[in-house]
Amino acid sequence: MSEEYRFITYETHDDGAIARILLNRPKTRNAQSRGLLVELDDAFMRAEADDQVRVVILGGVGPLFSSGHDMGSSESRAELTPGPDQHPTVGINGGTRTGAEKRMLQEWHYFFNNTRRWRDLRKITIAQVQGTVFAAGLMLMWACDLIVAADDTLFADVVGTRLGMCGVEYFAHPFEFGPRKTKELMLTGDSLDVHEAHSLGMVSKVFARADLEEKTLEFARRIAQRPTMTALLIKESVNQCVDNMGFYNALNACFTLHELNHSHWAEIHESKWPIAEVEDGVADWRTAPPVLPALKDQPEAPIPS
C-alpha cells in the first residue's frame, strides 16, 4: 500500500499486472474533494505509465463506493478557502478568474476532462462498487471499461431533485441507462438496483458484498491474461464506436448545459449559490428524504416506516 497518498490507496497484485486504487475517505462516504480527485488522477497516470500494469481496479473503502462531489466537509472547505490548507489547484486552471468563467474552467479541469481522460486510459479499467453510488460517483464508475458490483448496490443521481441541476458534469446517463430511464431517474431522484443495472448491460458482474474484493481481483486476473495489444484495441474499437454514435460530442454539449444550469442559479440568488435552494422547489440536500427505488408498477415507492 502506498503511503504517499492522503485520500486514496494504491496497491499492486500479481507482480504488478494489476493495480488497485481505492478511494479512502470513508468518513465522508468517499466524497470527491479536490485533494482526492487530484490524487486519483496521479494514481491513474501512474498506472498508465507502468508497463507492468495490465488492469486497473477502482474501488472505495467503506460502505459506499462514492457519495459524489464533496458538498462541504471541513476538509473540502479548507481546500477551497485562502489559508494554509488551500489546495494549490484553486489558483490555477481558471481559479483566479471570476464569475462563470472561473467555475466553468475549474469544473472542466477537475470534474469533466479528468473523467474523460480516465475513460480513455490505455489500460483496461474495472470499477468495483458497493452501497449507493450517487451522482458524481456514477461519473467515476462510468469512466471504467467494466463494472462489478456488490449485490447491495444501488445507483442514483439526485442532483435534479436536490440541487436543481440537469445532471453531473460527465453526462453519460443516456448511454448507460437509456434515454427514457435517464429522464425518469433524473426527474424523480429514484434509484436503480444492481439487478436491473445488470439487465441493462451497465454492470458486468454481481458479487456478494463479502466477496467483492476477492472476486473482482479474480475477474481482473482473467482480463489480464489477454495480450496487451488485443485488450487495447478491443477497448479502443468499442470506445470509437460509441464516440461515432455521438458520445464524445454529447459529453461536450451537456457539460456546457451543466454550466448554464449553474449560472442560472448563481444569477437569480442573492447569495450567488450556483445550485437550487429550497425556495426554488427542491428538497434540502442536507436533510433530504431517503432515495427510493424506481418501481415499474407504482408512481412512487412507499417511504419506509
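Is W118 buried or exposed? Keep that in mind while you walk through this predicted model; the tour reaches W118 by way of the sheet and a helix.

**Stop 1: the sheet.** Select the six strands that make up an open sheet. Read across them in the order β1-β2-β3-β4-β6-β9. The pairing is mixed. Now colour the edges: β1, residues 8-13, and β9, residues 205-207. Each of these pairs on one side only. Look along the strands, and neighbours are turned by 20° against each other on average, direction ignored.

**Stop 2: β4 and β6.** Select residues 124-129 for β4 and 146-150 for β6. These two strands run parallel, and four bridges join them. To see a bridge partner, pick A127 and look across to I147 in β6.

**Stop 3: helix α1.** Add residues 34-49, which form helix α1. The helix packs on the sheet. Its contacts are with β1, β2 (18-23), β3 (55-60) and β4. The direction of α1 makes about 15° with that of β1.

**Stop 4: a charge over a ring.** Show the side chains of R46 and Y10. R46 lies over the face of Y10, 4.0 Å from the ring centre.

**Stop 5: F44 and W118.** Turn on the aromatic side chains. The whole structure holds five aromatic pairs. Start with F44 and W118, whose ring centres are 5.3 Å apart. Their planes meet at 35°, so this pair is tilted. F44 belongs to helix α1 and W118 to helix α3, residues 99-119. The pair therefore ties together parts that are 74 residues apart in sequence. Back to the opening question: W118 counts as buried, at 2% relative accessibility. F44 is buried too, with a relative accessible area of 2%.

**Stop 6: Y170 and F247.** Move to Y170 and F247. Here the ring centres are 6.1 Å apart. The planes stand at 80°, so the pair is edge-to-face. Y170 sits in the loop between α5 (159-163) and α6 (173-177). F247 lies in helix α11, residues 247-268. The pair links distant parts of the chain, 77 residues apart. Switch on a surface and check both residues. Y170 is buried, with a relative accessible area of 0%. F247 counts as buried at 6%.

**Last stop: the cluster.** Which residues form one aromatic cluster with Y170? Add F175 to your selection: Y170, F175 and F247 make up that cluster.

Conventions:
Residues are numbered from 1 along each chain as its sequence is written. This is a predicted model: local features need pLDDT of at least 70, side-chain atom pairs count only at pLDDT 80 or more; totals for chains, interfaces and linings use all residues. Side-chain values use heavy atoms; hydrogens and water are left out. Two strands pair if DSSP finds at least two bridges between them. Axes are lines fitted to C-alpha atoms, for helices over the stretch in contact, and angles run from 0 to 180 degrees between N-to-C directions. Contact means heavy atoms within 4.5 Å. Rings of Phe, Tyr and Trp (its six-membered ring) pair if their centres lie within 6.5 Å; planes under 30 degrees apart count as stacked, over 60 as edge-to-face and the rest as tilted. Buried means under 20% relative accessible area, exposed over 50%, partly exposed in between (1.4 Å probe, protein chains only). A charge sits over a ring if NZ of Lys or CZ of Arg is within 6 Å of the ring centre and within 35 degrees of the ring normal.
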